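Student: Could you walk me through this protein with a few questions and answers?

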Amino acid sequence: MRIVFRGPAIAAALLFSALAARADDGALIDRWYSALLVADRTELSDLLADDVHIKLDDLGVVQTKQEFIASIDDWQGAVAGATIRHRIEKSEAGVTTVIACYDFPSNDMLMRETFSVAGNRITASSQAAITESCETY
C-alpha cells in the first residue's frame, strides 16, 4: 500500500478558501459603501441580516435593521455631495475592519468600522471616529 502525503495540497486549498472568503467580504463591503453613498435603502436592507445590530460608538446608539433603514432619510440629506473612500485594514474569521473617510461638503471624518459577515450578510457593525480629518487616510 502506498501512502501519499497531500499536506501542501490541503494547505493550498484552505488558503484559497480563506482568500476567496476575504474577497467575497471585500465585495460585500464595497457594495455597502456604494449603497451608503447614495442612500439606497433596498441595497442596504439586502446587505443586512434581519437580526443585525449597528453600533454607533460616538453617539452611544445601537440600531436594529429597521431603525437603521428608517434613519436613511436623515442620512440622505447629510451625504448629498459627499464622497466616501474606504480601505480594508484587516479581515479574518468573518470580521472585517475598515478605515473610511467620509468627505462631506463642509467637513470630513476618518472612521474605523468593523463588520461581522456571515452568509453574505452583515450580522453586526460598529463605527467609531478616529479623527475629524481625513489627512491620515
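What follows is a short conversation about helices, a disulfide and a core.

Tutor: Happily! This is a predicted model, in which local features need pLDDT of at least 70, side-chain atom pairs count only at pLDDT 80 or more, and totals for chains, interfaces and linings use all residues. Residues are numbered from 1 along each chain as its sequence is written, and side-chain values use heavy atoms, with hydrogens and water left out.

Student: Which residues of helix H4 are buried?

Tutor: Helices (H or I, at least four residues) and strands (E, at least two) are DSSP runs, numbered from the N terminus. Buried means under 20% relative accessible area, exposed over 50%, and partly exposed in between (1.4 Å probe, protein chains only). H4 spans residues 72-79, and its buried residues are Ile 72, Trp 75 and Val 79.

Student: Why do those three lie on the same side of H4?

Tutor: An α-helix has 3.6 residues a turn, so residues three or four places apart point the same way. On the other side of H4, Asp 73, Asp 74 and Gly 77 are exposed. The arc is taken from the directions from the helix axis to the C-beta atoms. The buried three share a side because they cover an arc of only 55 degrees.

Student: How many residues apart in sequence are the parts that the disulfide ties together?

Tutor: A disulfide here is a pair of cysteine sulfur atoms within 2.5 Å, and Cys 101 and Cys 134 form one with their sulfur atoms 2.0 Å apart. The link is right-handed, with 105 degrees about the S-S bond, and both Cys 101 and Cys 134 are buried. Cys 101 sits in strand E4 (residues 95-103) and Cys 134 in the segment after strand E6 (121-131), so the parts tied together are 33 residues apart.

Student: Which element gives the largest share of the largest nonpolar core?

Tutor: Such a core is a set of buried Ala, Val, Leu, Ile, Met, Phe, Trp, Tyr and Cys residues joined through side-chain atoms within 4.5 Å. This one has 28 residues, and Leu 36 and Trp 75 are among those touching the most other members. Several elements supply at least two residues each, including helix H2 (41-47) and strand E5 (108-118). The largest share, 6 residues, comes from H1.

Student: Is Asp 25 buried or exposed?

Tutor: Asp 25 lies in helix H1. Leaving aside neighbours within four places in sequence, Asp 25 is in contact (heavy atoms within 4.5 Å) with Ser 91, Gly 94, Thr 96 and Val 117. Its relative accessible area is 12%, so Asp 25 is buried.
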